[in-house]
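Q: Hi! Could you walk me through this structure? I have a few quick things to ask.

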Amino acid sequence: MLLPDSVTITDVEAAQKRLLGIAHQTPVITSNTFNELTQSQVFFKCENFQRTGAFKFRGAYNALVQLSTQQKIRGIITYSSGNHAQAVALAGKLLNIPTIVVMPDDAPVVKQTATRGYGAEVILYNPDTTNREAFTQNLAAERQLTLIPPYDHPHVIAGQGTTALELIQQVGKLDYLLVCCGGGGLISGCAVTTKTLLPNCKIIGVEPELADDATRSFYTKTLQTVHNPQTIADGVRTPCLGKITFPLVLQYVDDMVTVSEAGIIRTMFFIWERLKIVVEPTGVIAAAALLEGVVKVPAARIGVIITGGNVDLAQVSQLKQLNHLLHY
């Protein structure tokens, strides 16, 4: 039975049509070395090559393009640590919609700069003392703006689901699909899509150990929360799954697992060095579950979504130092 605001394959297919010629059709790459290490055939869906450097553009554009004329004139507001912020800012620029983005003051500078560069007004807040949802909702009411949340919105979820739809169109049958999970927008959309088209494909969500609220929610069937988790993967520092995404995760996802901070960093550098692509820590969470042996499924065809590539290059030396400290 469908819940209110639920998302179906019809919504995802409609989103793909809206995104045609606007979003990039991102490449799928493979690695013989990765396949040998995991004893599987792994297909990496590289959303680091998407506009704004992450899958988030899909959902943001799909949501903004469906706003009423009056909503577009008044403008929109959102909250994000970075990738949704950039996506909304670019979508707003393309559609001539004024955008305001509420970002934590510790968000990567590269993401803050890019968001402003796309034309959005950025308002910073202290994540230790401010509830970003309440803060943003108050601003939306004061300025009569439409709130487009980063994940808990049916049009956003449907847009993110086009990632899996495109992957299946590119490579065909999959036995498993691994997706990182923050607020659940990407995994919800991808799970709905994949389970409809490939009912036997197993969907596995992956989180950092330090931000394991969705995994705990999945196993307890009760919504769990986490406050400002100190994971290197800034894109999944969400407090909890959403009112829309949580039921979709319970309905369509087969399993949830977690990976360590060391595993995330090790996987990021492995992908930089072996696959020759730039990915951010959040972007490799799903891949880390395979490389670290958390998920072992030999001789399987596995889809892995690389979610983004917005690395703050000024922090690379810090990441290398952290990698050394975590492993020695």
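Q: What covers the buried residues of α10?
A: Happy to help, and keep in mind that this is a predicted model. The cover over the buried residues of α10 includes β8 (202-208), α11 (245-252) and β9 (255-259).

Q: And which residues of α10 are buried?
A: Helix α10 spans residues 213-220, and D213, A214, T215, S217 and F218 are buried there.

Q: What phi does K221 take, just after α10?
A: K221 has a positive phi, of about 60 degrees.

Q: Switching to the sheet: in what order do the strands of the open sheet run?
A: The order is β5-β4-β3-β6, four strands in an open sheet with parallel pairing. At the edges are β5 (121-125) and β6 (146-147), each of which pairs on one side only. In general, strands of a sheet pair through backbone hydrogen bonds, in either a parallel or an antiparallel way.

Q: How many bridges link β4 and β5?
A: Five bridges, in the parallel sense. As an example, P104 has Y125 in β5 as its bridge partner.

Q: Now D106, where is that found?
A: D106 sits in the loop between β4 (99-104) and α6 (109-117).

Q: Why does D106 count as partly exposed?
A: Because its relative accessibility is 39%, which falls between the 20% limit for buried and the 50% limit for exposed.

Q: What is D106 in contact with, leaving aside its neighbours within four places in sequence?
A: D106 contacts P127 and R237. I29, by comparison, is 77 residues from D106 in sequence and 32 Å from it in space, C-alpha to C-alpha.

Q: Since α6 came up, at what angle do α5 and α6 pack?
A: Helix α5 (residues 83-95) packs with α6 at about 10 degrees, and the axes are 8 Å apart. The two helices are therefore roughly parallel to each other, as angles under 35 degrees count that way.

Q: Which residues make that contact?
A: From α5 there are N83, A85, Q86 and A89, and from α6 there are K111, A114 and T115. By class, the contact has three nonpolar, three polar and one charged residues.

Q: Last one, T162: buried or exposed?
A: T162 counts as buried because its relative accessibility is 1%. This residue lies in helix α8, residues 154-171.

Q: What does T162 touch, not counting residues up to four places away in sequence?
A: T162 touches V12, A15, Q16, L19 and R58.

Key. Residues numbered from 1 in each chain as written. Predicted model: local features only at pLDDT ≥ 70, side-chain atom pairs only at ≥ 80, totals over all residues. Heavy atoms only, no water. Buried < 20%, exposed > 50% of the residue type's maximum accessible area, 1.4 Å probe, protein only. Contact = heavy atoms within 4.5 Å. Pairing = 2+ DSSP bridges. Axes fitted to C-alpha atoms, helices over the stretch in contact; angles between N-to-C directions. Parallel < 35°, antiparallel > 145°, perpendicular 65-115°, else oblique. Nonpolar A, V, L, I, M, F, W, Y, C, P; charged D, E, K, R; others polar.
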